[in-house]
Amino acid sequence: MSIEINKNKCIGCGKCRDVCPGTLIALGEDRKAFIRYPRDCWGCTSCLKECPVYAISFFLGADMGGTGGRLHTEKEGDILKWITERPDGRVIVTEVDTRESNKY
Ligand code: SF4
Ligand code: SF4
């Protein structure tokens, strides 16, 4: 279980590093984020939600019942979109209104 960081998208803001409860993420000399201990990531998804440029995705491996898809988030106002890209190319979008997040 781990995240992937797209270095081409990363702008080096450090938000993912700051929110990771396990301090697993660091910024390199190139000011790009990287995960230091991928095996220790427990998939809380905090870093995905904080990244302003959606550079982080979460790998849905067999260890968590996935089939190799990828998950990332995008925000539109108060709507948080959970976007799953399946290995067969299908994309599933689940929208959550963050103003009502206590409902879920
Ligand atoms: S998913 Fe959670 S534990 Fe894993 S790197 Fe991101 S913030 Fe850290
Ligand atoms: S939050 Fe996103 S843009 Fe900022 S350092 Fe992390 S990966 Fe890069």
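Arg86 sits partly exposed in this predicted model, its relative accessible area being 33% (buried is under 20%, exposed over 50% and partly exposed in between, with a 1.4 Å probe and protein chains only). Its salt-bridge partner is Asp88, and the closest N and O atoms of the pair are 3.7 Å apart. A salt bridge here is a side-chain nitrogen of Lys or Arg within 4 Å of a carboxyl oxygen of Asp or Glu. Elsewhere, Asp78, Asp97 and Arg99 are joined into one network by salt bridges that share partners. By this rule the count comes to eight salt bridges.

Two further pairs round out the picture. Glu76 and Lys81 meet through their side chains at 2.9 Å, N to O. The two ends of this bridge sit in contrasting settings: Glu76 counts as exposed at 51% relative accessibility, whereas Lys81 is buried at 17%. In the bridge between Arg17 and Asp18, the closest N and O atoms are 3.2 Å apart. Here Arg17 is partly exposed, with 33% relative accessible area, while Asp18 reaches 55% and counts as exposed.

On to the ligands. Around ligand 2 there are 13 residues, and the closest are Cys10, Cys13, Gly14, Cys16 and Cys51; a residue is near a molecule or strand if one of its heavy atoms lies within 4 Å of it. This shell divides into eleven nonpolar residues, two polar and no charged. For these classes, Ala, Val, Leu, Ile, Met, Phe, Trp, Tyr, Cys and Pro count as nonpolar, Asp, Glu, Lys and Arg as charged, and the others, Gly among them, as polar. The shell around ligand 1 includes Ile3, Cys20, Cys41, Trp42, Cys44 and Cys47. By class, ligand 1 is surrounded by ten nonpolar, two polar and no charged residues.

Ile3 and Cys47 turn up again in the largest nonpolar core. This core has 22 residues, and Ile3, Ile25, Ala33, Cys47, Leu48, Ile56 and Phe58 touch the most other members. A nonpolar core is a set of buried Ala, Val, Leu, Ile, Met, Phe, Trp, Tyr and Cys residues joined through side-chain atoms within 4.5 Å. At least two residues each come from strand S1 (2-5), strand S2 (25-27), strand S3 (33-35), helix H2 (46-50), S4 and strand S6 (79-85). Helices (H or I, at least four residues) and strands (E, at least two) are DSSP runs, numbered from the N terminus. S4 gives the most to the core, with three residues. Leu48 touches Ile3, Ile56, Phe58, Leu71, His72 and Thr73, leaving aside residues up to four places away in sequence; contact means heavy atoms within 4.5 Å.

Ser57 lies in strand S4 (residues 56-60) and is buried, at 14% relative accessible area. Beyond residues up to four places away in sequence, Ser57 touches Ser2, Ile3, Glu4, Arg70, Leu71 and His72. Lys15, by contrast, belongs to helix H1 (residues 15-19) and is partly exposed at 40%. With the same sequence neighbors left out, Lys15 touches Glu50 and Pro52.

A word on bookkeeping: residues are numbered from 1 along each chain as its sequence is written, while chains are lettered from A and ligands numbered from 1 in the order in which they are written. In this predicted model, local features need pLDDT of at least 70, side-chain atom pairs count only at pLDDT 80 or more, and totals for chains, interfaces and linings use all residues, with side-chain values using heavy atoms and leaving out hydrogens and water.
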